[in-house]
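Please examine the structure shown here. A series of questions and answers on its architecture accompanies it.

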Amino acid sequence: MGAGDGAAEHARLAAERVQRLKRQLDQAERATKAWDEGAVGERIVADRLGRLLPHGWFLLHDVHWPGRPKATLDHVLVGPGGVVVVDAKDWTGEVSVASGVLWQGRFARTQSVEGALAQCAAVASVLAPPHRRFVRPLICLAGQPDLFGITSSDVAVAGADRVVDTVLALPPVLDTQTVLGLYAHLGQQLTQEPVVESPAVKALTAKPAGPPVVARPMGVPGGVQTPGRRGPRTTAPGVGRGTGTGRKSRAQQQATSMTHLMFLAAFVVFAVYVLPYWGR
């Protein structure tokens with residue numbers, strides 16, 4: 001093989017490496033964009049759920065999924081209407097609930113509905129049997145603010161602008177003392193650390209728990225009868241907001257992703273403008 005053939009082969013191999021790196025760079029950029037969009041949607045939902053605080057609801061954000069070490073639950077609400085496990089989505093396109101089926105365009109999102117039910121069952125599993133029937137699943141869509149529907153498996157689907165009304169429409173099934181006790185218990189079970197408590201909360205939760213309140217029939221918008229990310233943020237009226245490491249972990253992941261992007265970009269420049277002339 002002559003010098004010219006060797007140079008041509010070297011250039012061909014360099015071009016192939018550049019193409020591979022470009023594909024990897026595009027994939028990394030798409031993954032980062034998707035993560036950013038999902039985080040924005042979750043923040044929108046969290047902001048809407050904060051409006052429940054004056055109504056006696058307590059909030060847990062980005063908490064551990066029981067039984068799945070690497071999985072998290074977006075939001076868990078505890079209040080007069082029971083325990084609501086909220087799965088936040090930021091889907092694009094046309095989303096609807098028709099004939100009891102959740103659709104995104106022409107695709108049935110049955111897997112997302114089953115995931116919401118699995119999250120609900122996981123939270124119910126860490127509660128005492130009398131309280132498990134008060135756990136309900138809800139899918140909240142940040143990109144479809146006015147949507148509302150209920151699937152055939154009794155999973156409520158609400159847009160960001162309707163999620164508060166959907167939760168407040170639940171009939172009261174828990175008294176204040178039981179709500180505080182469940183909130184403290186879930187704070188320990190789902191965050192692996194105690195929820196921040198005020199002296200008033202401690203005084204109330206120290207009392208013996210009374211008999212569970214029997215739930216009335218549902219039959220209201222958002223009502224369902226389904227029984228049954230680490231370091232979360234917790235929010236409660238009169239209790240305060242605790243900031244965990246879940247968001248920090250996401251920030252670290254994003255920083256690592258950006259570092260990889262910068263490295264790949266630098267290598268592409270090197271391969272295109274330096275490598276073909278190396279050794280000449």
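The exchange below takes up confidence, the cores, the helices, the small sheet and the cysteines.

This is a predicted model, in which local features require a pLDDT of at least 70 and side-chain atom pairs count only at pLDDT 80 or more, whereas totals for chains, interfaces and linings use all residues. Residues are numbered from 1 along each chain as its sequence is written, and side-chain values use heavy atoms, with hydrogens and water left out.

Me: What average pLDDT does the protein have?
Reply: pLDDT is the predictor's confidence in each residue, on a scale from 0 to 100. A score of at least 70 is reached by 59% of the residues. The average pLDDT of the protein is 76.

Me: How many contacts beyond four places in sequence does the model have for residues 207-230, where pLDDT stays under 50?
Reply: Contact denotes heavy atoms within 4.5 Å. Where pLDDT is low, the predicted coordinates should not be read in detail. With that caution, the number of such contacts for residues 207-230 is 72.

Me: Which element gives the largest share of the largest nonpolar core?
Reply: A nonpolar core is a set of buried Ala, Val, Leu, Ile, Met, Phe, Trp, Tyr and Cys residues joined through side-chain atoms within 4.5 Å; buried means under 20% relative accessible area, exposed over 50%, and partly exposed in between, with a 1.4 Å probe and protein chains only. This core has 26 residues, of which L60, V76, V78, V83, V123, V135 and L186 touch the most other members. Two or more residues come from each of β1 (58-65), β2 (68-79), β3 (82-89), α2 (110-125) and α5 (176-191), the helices (H or I, at least four residues) and strands (E, at least two) being DSSP runs numbered from the N terminus. The largest share, six residues, comes from α5.

Me: Which residues does L186 touch, not counting residues up to four places away in sequence?
Reply: L186 is one of the buried residues of α5. It is also among the core residues that touch the most other members. Its partners are L60, V76, V78, V83, V123, V126, L127 and T191.

Me: Is L60 buried or exposed?
Reply: L60 is found in strand β1. Its relative accessibility is 0%. Because that value falls within the buried class, L60 is buried.

Me: What distance does α5 reach from its first C-alpha to its last?
Reply: The expected span of a helix is 1.5 Å times one less than its number of residues. For the 16 residues of α5 the expectation is 22 Å. The model is close to this, as α5 reaches 22 Å.

Me: With which residues is S112 in contact, leaving aside its neighbours within four places in sequence?
Reply: S112 lies in helix α2. Its relative accessible area is 15%, so S112 is buried. Its contacts are K89, W91 and I139.

Me: In what order do the three strands of the open sheet stand?
Reply: Two strands pair if DSSP finds at least two bridges between them. β4 and β5 pair over four bridges, and two bridges join β5 (residues 101-104) to β6. β4 (95-98) and β6 (107-108) stand at the edges, each with a single partner strand, so one side of each has no neighbour in the sheet. The pairing is antiparallel, and the order is β4-β5-β6.

Me: Which residues of β5 are buried?
Reply: In a regular strand the side chains alternate between the two faces of the sheet. In β5, V101 and W103 point to one face and are not buried. Pointing to the other face, and buried, are L102 and Q104.

Me: Which residue in the turn between β5 and β6 has a positive phi?
Reply: β5 and β6 form a hairpin with two residues between them. Across this pair, W103 has A108 as its bridge partner, and Q104 has F107. The turn residue, with a phi of about 65 degrees, is G105.

Me: How many disulfides are counted?
Reply: A disulfide is counted as a pair of cysteine sulfur atoms within 2.5 Å. C120 is buried at 0% relative accessible area, and C140 is likewise buried at 0%. The count of disulfides is zero.
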